[in-house]
Amino acid sequence: MHVFSLLFLAALALATSMRLWLSQRHIRHIAANRNAVPADFSGRISLAAHQKAAEYNIAKARVGLLETLVAAALTLALTFGGGLEWLSGTWARVFELGGYAHGIALISSIVVISSAVDLPFSLYRTFVIEARFGFNRMSPGLFVLDLVKVALLGATVGIPLLFVVLWLMARMGEFWWLTVWLVWLAFNLLVLTIYPTFIAPLFNKFSPLADESLRARIEALLAKCGFRARGLFVMDGSKRSSHGNAYFTGFGAAKRIVLFDTLVSRLAAAEVEAVLAHELGHFSRHHVWKRIAVASVVGLVLLAVLGWLMGRDWFYAGLGVSSQSTAMALILFFIAVPAFTFMLQPLASLYSRLHEFEADAYAAQYADAGDLVRALVKLYEDNAATLTPDPLHSAFYDSHPPAPVRIARLQSQHT
């Protein structure tokens, strides 16, 4: 067995066992605290709501345990189980081995297989877990329609992009990874630009905010913050779920403010203003551009590593594959990377949580910290977010600070 095979298997075993251990810790921690509402939320969230959140999060985590095992099994089946080799040989009977059509067919097959494996979990989460706890509002017909739209959109955009990437990898010489990186950057910026007006409306209806008093309040906040947006919209999120949220989308002249209809119906005007002030904080502190910059640097490094690995025989053989091509190198790399990088995940989560604290501080400056606390408490309750996550699990997975930590910091800023 190749040395790289042993390294990969060790990394995969470590990542998988850590995921399972973290999930089990999370389940035990939530269960141990389900019978008492944390002191900071006493009188704000009922014991019944707290217990519902505990059961909801435990149910999701238990499904996650099985997903982790299935994902590891799929990885082994594709690599050492000969799955990739078989797919490559099968498509070689139709298209020229190593050609663009063969590469696109091979990568598309992996996408289809991965999606098919994920589908039962998605169905169970939507129509069993979300339905059991009263969140799901999606019909089977809408679920299928979403799948079709995602597949068509992915094929329409993904196949041409994939062709460009494979062409650059084959024609741009030793430093192909630099040109691919530039194309990837341009593509991401294009998606950010067109998402609000072309992609998002394929899945949801966006209507101008009709509440004039709320609109006036938001526009006053925007003026105070020096922020200009193209429009204020309410999204029909309730046709899929009762969960609520708000977000900004796009950049430059295409920026939009989007409120879920469930959020508008649940929060008071001052609370909506505070939530939007938090989102404005992300823009004011340039968090979007900072994250794009970090992702760009990471992407460049990963592509450079792939450029180095692509010409090494041991890279393919070490993952159970004998067929060498640009497409196979791409697939193997993106199969292997998660196993080797999982232990770095807390750094990404920490970086995101620091941004959330900065955005909260901005909201406390331009709105009322007390209103944001009240809004968050309502959202925690409505979305059945756990108030007692396992600290280590949270450090790995949570992009937002744990509820008690976040509320305590905001209350210290409330005057």
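**Exercise 1. A loop residue with unusual phi**

In which loop is His286 found? Then state its phi and its exposure class.

*Solution.* The model is a predicted one.
- Step 1: Locate the residue. His286 lies in the loop between helix H9 (269-284) and helix H10 (287-309).
- Step 2: Read the backbone. Phi of His286 is near 60°, a positive value in a residue other than glycine.
- Step 3: Set this against the general rule. Most residues other than glycine have a negative phi.
- Step 4: Classify the exposure. His286 has 48% relative accessibility, so His286 counts as partly exposed.

**Exercise 2. Ala384 and its neighbour Asn383**

Find the loop that holds Ala384. Decide whether Ala384 is buried or exposed. Then list the contacts of Asn383.

*Solution.*
- Step 1: Ala384 sits in the loop between helix H14 (369-382) and helix H15 (391-397). Asn383 is found in the loop between H14 and H15 too.
- Step 2: Phi of Ala384 is near 55°, a positive value in a residue other than glycine.
- Step 3: Apply the cut-off: buried means under 20% relative accessible area. Ala384 has 2% relative accessibility and therefore counts as buried.
- Step 4: Leave aside neighbours within four places in sequence. Asn383 is then in contact with Tyr56, Phe135, His243 and Gly244.
- Step 5: Check one long-range distance. Asn383 and Ser241 are 142 residues apart along the chain, and their C-alpha atoms are separated by 9.9 Å.

**Exercise 3. Strand pairing**

Work out how strands S1, S2, S3 and S4 pair, and in which sense.

*Solution.*
- Step 1: Start with S1 (residues 206-208). S1 and S2 pair in the antiparallel sense over three bridges. Ser207 has Val234 in S2 as its bridge partner.
- Step 2: Move on to S4 (residues 256-260). S2 and S4 pair in the parallel sense over four bridges. Phe233 stands opposite Val258 in S4. Val234 stands opposite Leu259 in S4.
- Step 3: Add S3. S3 and S4 pair in the antiparallel sense over four bridges. Tyr247 stands opposite Val258 in S4.
- Step 4: Combine the pairings. S2 pairs with S1 and with S4, while S4 also pairs with S3.

**Exercise 4. Strand faces**

Which residues lie on each side of S2, S3 and S4?

*Solution.*
- Step 1: Recall the pattern. In a regular strand the side chains alternate between the two faces of the sheet.
- Step 2: Take S2 (residues 232-235). Leu232 and Val234 are on one side, Phe233 and Met235 on the other, and all are buried.
- Step 3: Take S3 (residues 246-249). Ala246 and Phe248 are on one side, Tyr247 and Thr249 on the other, and all are buried.
- Step 4: Take S4. Arg256, Val258 and Phe260 are on one side, with Ile257 and Leu259 on the other. Five of its five residues are buried.
- Step 5: Conclude. Both faces are covered in S2, in S3 and in S4.

**Exercise 5. Two glycines**

Compare the settings of Gly299 and Gly82: place, exposure class and a distant partner.

*Solution.*
- Step 1: Gly299 is found in helix H10. Gly82 is in the loop between helix H2 (47-78) and helix H3 (83-92).
- Step 2: Gly299 has 12% relative accessibility, so Gly299 counts as buried. Gly82 has 24%, so Gly82 counts as partly exposed.
- Step 3: Look for contacts of Gly299. Not counting residues up to four places away in sequence, Gly299 touches Trp181 and Trp184.
- Step 4: Read the C-alpha distances. Gly299 and Leu185 are 114 residues apart in sequence and 9.2 Å apart in space. Gly82 and Gly320 are 238 residues apart in sequence and 6.8 Å apart in space.

**Exercise 6. The whole chain**

Does the radius of gyration agree or disagree with that of a compact globule? Add the main overall figures.

*Solution.*
- Step 1: Count the elements. The protein has 16 helices and four strands.
- Step 2: Test the radius. A compact globule of 415 residues would have a radius of gyration near 22 Å; the protein has 23 Å, which agrees.
- Step 3: Give the extent. The C-alpha atoms fill a box of roughly 65 × 50 × 40 Å along the principal axes.
- Step 4: Quantify burial. Buried residues make up 45% of the 415 residues.
- Step 5: Describe the surface. The protein exposes about 20,200 Å², and carbon and sulfur atoms supply 66% of it.
- Step 6: Check contact range. Among contacts between residues at least 6 apart in sequence, 76% join residues at least 24 apart.
- Step 7: Locate the charges. The mean positions of the 34 positive and 27 negative charges are 0 Å apart.

Conventions
Residues numbered from 1 in each chain as written. Predicted model: local features only at pLDDT ≥ 70, side-chain atom pairs only at ≥ 80, totals over all residues. Heavy atoms only, no water. Rg over C-alpha atoms; globule rule 2.2 N^0.38 Å. Buried < 20%, exposed > 50% of the residue type's maximum accessible area, 1.4 Å probe, protein only. Contact = heavy atoms within 4.5 Å. Areas by Shrake-Rupley, 256 points an atom, 1.4 Å probe, with all protein chains shown as cover. Lys, Arg positive; Asp, Glu negative; His and termini not counted. Charge placed at Lys NZ, Arg CZ, Asp CG, Glu CD. Pairing = 2+ DSSP bridges.
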